[in-house]
Amino acid sequence: MIKKKNLIFLGAPGAGKGTLAQILCENEKLAHISTGDILRGEIAKGSELGLKAKHYVTTGGLVPDEIVAEMVARRLAEADCQDGFVLDGFPRTIPQAKLLENALANISKKIDSVVYFHAEEELLIKRLTARLTCKKCGTNFNKIYSPPLKENICDRCGGELYQRPDDSLETAQSRLKLYKEQTAPLIPYYKERKLLLQLDASLSKDKSYPALVKLLS
Ligand code: ADP
Ligand code: ZN
């Protein structure tokens, strides 16, 4: 059983945050809050939020801070978050981290740890451009590293797999650039606050998952 339960997963796109978040949340009964998944869901529904977010998400830009922060604040107040949660893909900027702090203070909560997924850029690009995502449940596969058992079919729910438009080489590169400029400053930010734990994200998930559990125990 892990001791740290209110978590942020921080790291570049392709570092494996979503994959490990899904496994950890299933095993430890935590709420998995992926801002990318929520935004893609809203876009698919054609909601007002989805319409606002669509342009940013498909071109690999960042949705404005206030919009995502509001979305996360609402999600954190839901019942399934009360025994712990993993924020996957949020915060992505320093202003988002500050908005999160306020939102958590309002519901008398705090972050226990921030797990920083560390990997080299070359590997990230390889993973992103070979990534396949389930249309139905959002589970990620990889054409090279972790292919599905049946071609283009999700092992978990039978849904159809597709390449996210923002996983093309060009967009993946611009997302990484944005990560370095906007998100990487959160590493020293959380280090100063003594919340940062580092995980070697270049390992396969069979090795990185036990390492993650050890970090959080
Ligand atoms: P990855 O983990 O591969 O970077 P995500 O699924 O987390 O991808 O996010 C996909 C897209 O959704 C981002 O490129 C961005 O446009 C938008 N998005 C997700 N989270 C945030 C956030 N915290 N702030 C702004 N935009 C976000
Ligand atoms: Zn699926």
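Trainee: A salt bridge is a side-chain nitrogen of Lys or Arg within 4 Å of a carboxyl oxygen of Asp or Glu. How many salt bridges does a search of the whole structure find?

Mentor: The search finds 14. This is a predicted model, so local features need pLDDT of at least 70 and side-chain atom pairs pLDDT 80 or more, while totals for chains, interfaces and linings use all residues. Residues are numbered from 1 along each chain as its sequence is written, chains are lettered from A and ligands numbered from 1 in the order written, and side-chain values use heavy atoms, without hydrogens and water.

Trainee: Which residue forms a salt bridge with Glu 121?

Mentor: Lys 180 does, with 2.9 Å between the closest N and O atoms. Glu 121 sits in helix α6 (residues 121-129) and Lys 180 in helix α7 (residues 169-183), so the pair links distant parts of the chain, 59 residues apart. Helices (H or I, at least four residues) and strands (E, at least two) are DSSP runs, numbered from the N terminus.

Trainee: Ligand next. Which residues come nearest to ligand 1?

Mentor: Thr 35, Gly 61, Arg 92, Arg 131 and Arg 175, out of 20 around ligand 1. To be near, a residue needs a heavy atom within 4 Å.

Trainee: What does the side chain of Thr 35 offer ligand 1?

Mentor: A polar atom, 2.7 Å from a nitrogen of ligand 1. The side chain of Gln 96 has an N or O atom 2.8 Å from a ligand nitrogen, and for Arg 40 an N or O side-chain atom is 2.9 Å from a ligand oxygen. A polar contact is a pair of N or O atoms within 3.5 Å.

Trainee: And how much of ligand 1 does the protein bury?

Mentor: 96% of the 550 Å² that ligand 1 exposes when taken alone; the areas are Shrake-Rupley values with a 1.4 Å probe.

Trainee: Which element gives the largest share of the shell?

Mentor: α2, with four residues. Both α2 (35-45) and α3 (48-59) supply at least two. By class, the shell has eight nonpolar, five polar and seven charged residues; Asp, Glu, Lys and Arg count as charged, and Gly as polar.

Trainee: Switching to pockets: how much space lies in the second largest one?

Mentor: About 330 Å³, a volume being the space filled by probe spheres set on the grid points. On a 1 Å grid over the protein atoms alone, with a 1.4 Å probe, a pocket is an open set with protein on both sides within 12 Å along at least five of seven lines, and lining residues have an atom within 4 Å of a point.

Trainee: What lines that pocket?

Mentor: 18 residues, with Arg 40, Gly 41, Ala 44, Tyr 162 and Arg 164 nearest its centre. α2 gives the most, five residues.

Trainee: Where is the cis peptide bond?

Mentor: Between Phe 90 and Pro 91, with omega about -5°. Pro 91 is in the loop between β3 (85-88) and α5 (94-106).

Key
A polar contact is a pair of N or O atoms within 3.5 Å; within protein, one must be able to donate a hydrogen and the other to accept it, and residues adjacent in sequence count only if both atoms are side-chain atoms.
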